[in-house]
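Trainee: I've just opened this one and I'm new to it. Can you walk me through it?

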Amino acid sequence: ISIKTPLEYSKQTLKKYSKELEVGQMLKDCSSVIQYYGLRRYKKSVGLVMEDFNSVSLTQILNRAEELSITEILRIFIEISEGMRQIHQNGVIHQNLCPNHILVNRNTNQIKLIDFSFSSILLNQNQGVLNSKGFQIGLEWISPEQS
C-alpha cells in the first residue's frame, strides 16, 4: 500500500481527500484507476491509503534526460485514452488531468490515473454535471474535457 499525506493538515485537506476517496471507490472496477482503500489518521494528520502501483508520474518521465521512443509515447497515450474512457463510462469527469496525475509502471507498461479531488460526477448524460467548478488549476496543463 501507499499512503498519501498532506504537507499541512486542514479541514480543506480532509475534504479534498474524502472526495478523492469517494470518487476513487466509485471507480474501483476501472483497471486504469489507482485503487483507494480508505482514510486513516496518520500521526497528527490524515493519510489516504491507496494501492502501491510501483510507478512514477508522467511528469517524472518527461523531466528525465532520456528520450522516449515513438512506440512508448503512443502506448502511454493509448493507455491514458483508455483510462479516460473508463472513468467517463462510469460518469466521472477528472477535471485535473495532468502529467502529475498519471502514473506509469514501466515494468508492466500500464498507467493508472490518480487524484480525483477536483472531479465531477455526471448526474445523467443529458442533464449536466454535479459540483462543476470550472477551471481548477492553471492552464499550463488542461484536461481534454475542459478544453
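Mentor: We'll take the overall layout, then a sheet, then the salt bridges. This is a predicted model, in which local features need pLDDT of at least 70, side-chain atom pairs count only at pLDDT 80 or more, and totals for chains, interfaces and linings use all residues. Residues are numbered from 1 along each chain as its sequence is written, and side-chain values use heavy atoms, with hydrogens and water left out.

Trainee: OK. How many helices and strands are there in the protein?

Mentor: The protein has 3 helices and 9 strands. Helices (H or I, at least four residues) and strands (E, at least two) are DSSP runs, numbered from the N terminus. Along the sequence the pattern reads β-α-β-β-β-α-α-β-β-β-β-β.

Trainee: What percentage of the residues is buried?

Mentor: Buried residues are 41% of the 147. Buried means under 20% relative accessible area, exposed over 50%, and partly exposed in between, with a 1.4 Å probe and protein chains only.

Trainee: Now the sheet. What is the order of the 3 strands in the open sheet?

Mentor: The order is 4-6-7, with antiparallel pairing. Two strands pair if DSSP finds at least two bridges between them. Strand 4 (56-57) and strand 7 (110-113) are the edge strands, each pairing on one side only.

Trainee: How many bridges join strand 4 to strand 6?

Mentor: There are 2 bridges between strand 4 and strand 6 (residues 102-105). In one pairing, Ser57 has Leu103 of strand 6 as its bridge partner. Strand 6 and strand 7 are joined by 4 bridges. There, Val104 is partnered by Ile111 in strand 7.

Trainee: What about the hairpin of strand 6 and strand 7? Which residue takes a positive phi?

Mentor: Asn109 does, near 60 degrees, in a hairpin with 4 residues between the strands.

Trainee: And which helix lies across those two strands?

Mentor: Helix 3 (residues 70-89) lies across strand 6 and strand 7, at about 40 degrees to strand 7. Axes are lines fitted to C-alpha atoms, for helices over the stretch in contact, and angles run from 0 to 180 degrees between N-to-C directions.

Trainee: Is Gln86 buried or exposed?

Mentor: Gln86 is buried, with a relative accessible area of 8%. Gln86 sits in helix 3. Beyond its neighbours within four places in sequence, Gln86 is in contact (heavy atoms within 4.5 Å) with Cys30, Ser31 and Ser32.

Trainee: Switching topic. How many salt bridges does the structure hold?

Mentor: The structure holds 8 salt bridges. A salt bridge is a side-chain nitrogen of Lys or Arg within 4 Å of a carboxyl oxygen of Asp or Glu. One of them links Arg75 and Glu72, with the closest N and O atoms 3.4 Å apart. Both residues are in helix 3, 3 residues apart, about one turn of the helix. Both are buried.

Trainee: What is the N to O distance between Glu72 and Arg106?

Mentor: It is 3.0 Å, in a salt bridge between the Glu72 and Arg106 side chains. Glu72 is in helix 3 and Arg106 in the loop between strand 6 and strand 7, so the pair ties together parts 34 residues apart in sequence. Arg106 is partly exposed, at 27% relative accessibility.

Trainee: Where are Glu82 and Arg85?

Mentor: They are in helix 3, 3 residues apart, or about one helical turn. Their salt bridge has its closest N and O atoms 2.5 Å apart. Glu82 is partly exposed, at 28% relative accessible area, and Arg85 is partly exposed too, at 39%. Elsewhere, salt bridges that share partners join Arg64, Glu66, Glu72, Arg75 and Arg106 into one network.
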